[in-house]
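Subject: Structure for you to look at, with notes

Dear colleague,

I am handing over the structure we talked about, together with its sequence. Please look at it before reading on, since my notes refer to residues by their numbers.

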Amino acid sequence: CKSYGKLGHAIIEALEEFRADVEGGTFPGSEYSPYKMSEEERVAFDALLARDAEERQRIHDETAAKIDESDEYEKLSLYGSNDGGDGAK
């Protein structure tokens, strides 16, 4: 097989350096980020995240209640009706 270069060693070195920077907390840093957010934008973003969390919790609670209701219905259906055995409800 023809070899055009030994990239494996260079890749391993680069990945080890990257891992060391990340584990050491030097990367990613603000100097490497192309995204800048003003304090006003950060406050608005945090508020948006909080509203989103509240909405997700509300949806979760509603879904859990529906599941509980359907489980209760299933229990009643599986274990007989509440008609006293005469067919009347």
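What follows is a description of what was found in this structure, from the overall fold to the side chains.

Please keep in mind throughout that this is a predicted model. The secondary structure of the protein comes to two helices and zero strands, with α2 covering residues 39-78 and with a loop between α1 (7-24) and α2 in which P28 is found. Of the 89 residues, 2% count as buried. The accessible surface comes to about 8500 Å², and 57% of that area belongs to carbon and sulfur atoms.

The loop deserves a careful look, beginning with its proline. The peptide bond that joins F27 and P28 is cis, with an omega of about -5 degrees. As background, most peptide bonds are trans. F27 also takes part in the one aromatic pair that was counted. Its partner is F18, and because the ring centres are 5.7 Å apart while the planes stand at 65 degrees, the pair is edge-to-face; the cut-off that matters here is that planes over 60 degrees apart count as edge-to-face. Are these two rings buried or exposed? Neither word fits, because F18 has a relative accessible area of 45% and is partly exposed, and F27, with a relative accessible area of 30%, is likewise partly exposed.

Turning to the charged side chains, the count comes to five salt bridges. One of them is formed by the side chains of D52 and R56, with an N to O distance of 2.8 Å. Both residues lie in helix α2, where they are four residues apart, or about one turn of the helix. D52 counts as partly exposed at 35% relative accessibility, whereas R56, at 58%, counts as exposed.

Which side chains does R58 meet in salt bridges? One partner is E55, at 2.5 Å from N to O, and another is E62, also at 2.5 Å from N to O. R58 and E55 are separated by about one helical turn because they are three residues apart in helix α2, and R58 and E62, which lie in that helix as well, are four residues apart, again about one turn. As for accessibility, R58 counts as partly exposed at 37%, E55 counts as partly exposed at 35%, and E62 is partly exposed with a relative accessible area of 38%. Elsewhere, salt bridges that share partners join E39, R42 and D46 into one network.

Two surface patches are worth examining in the viewer. A negative patch is formed by D68, E69, D71, E72 and E74. Of these residues, E74 has its place in helix α2, and with a relative accessible area of 42% it is partly exposed. The other patch is nonpolar, has an area of about 380 Å², and is made by M37, F45, L48 and L49. L48 is placed in helix α2, where its relative accessible area of 44% makes it partly exposed.

If you have time for a few places, I would suggest starting with the cis bond between F27 and P28, going on to the F18 and F27 ring pair, and then following R58 to E55 and to E62.

With best wishes

Key: Residues numbered from 1 in each chain as written. Predicted model: local features only at pLDDT ≥ 70, side-chain atom pairs only at ≥ 80, totals over all residues. Heavy atoms only, no water. Phe/Tyr/Trp six-rings, centres within 6.5 Å; stacked < 30°, edge-to-face > 60°. Buried < 20%, exposed > 50% of the residue type's maximum accessible area, 1.4 Å probe, protein only. Patch = residues over 30% accessible without salt bridge, like charges linked within 9 Å, V, L, I, M, F, W, Y side chains within 5 Å. Areas by Shrake-Rupley, 256 points an atom, 1.4 Å probe, with all protein chains shown as cover. Salt bridge = Lys/Arg side-chain N within 4 Å of Asp/Glu carboxyl O. Lys, Arg positive; Asp, Glu negative; His and termini not counted. Charge placed at Lys NZ, Arg CZ, Asp CG, Glu CD.
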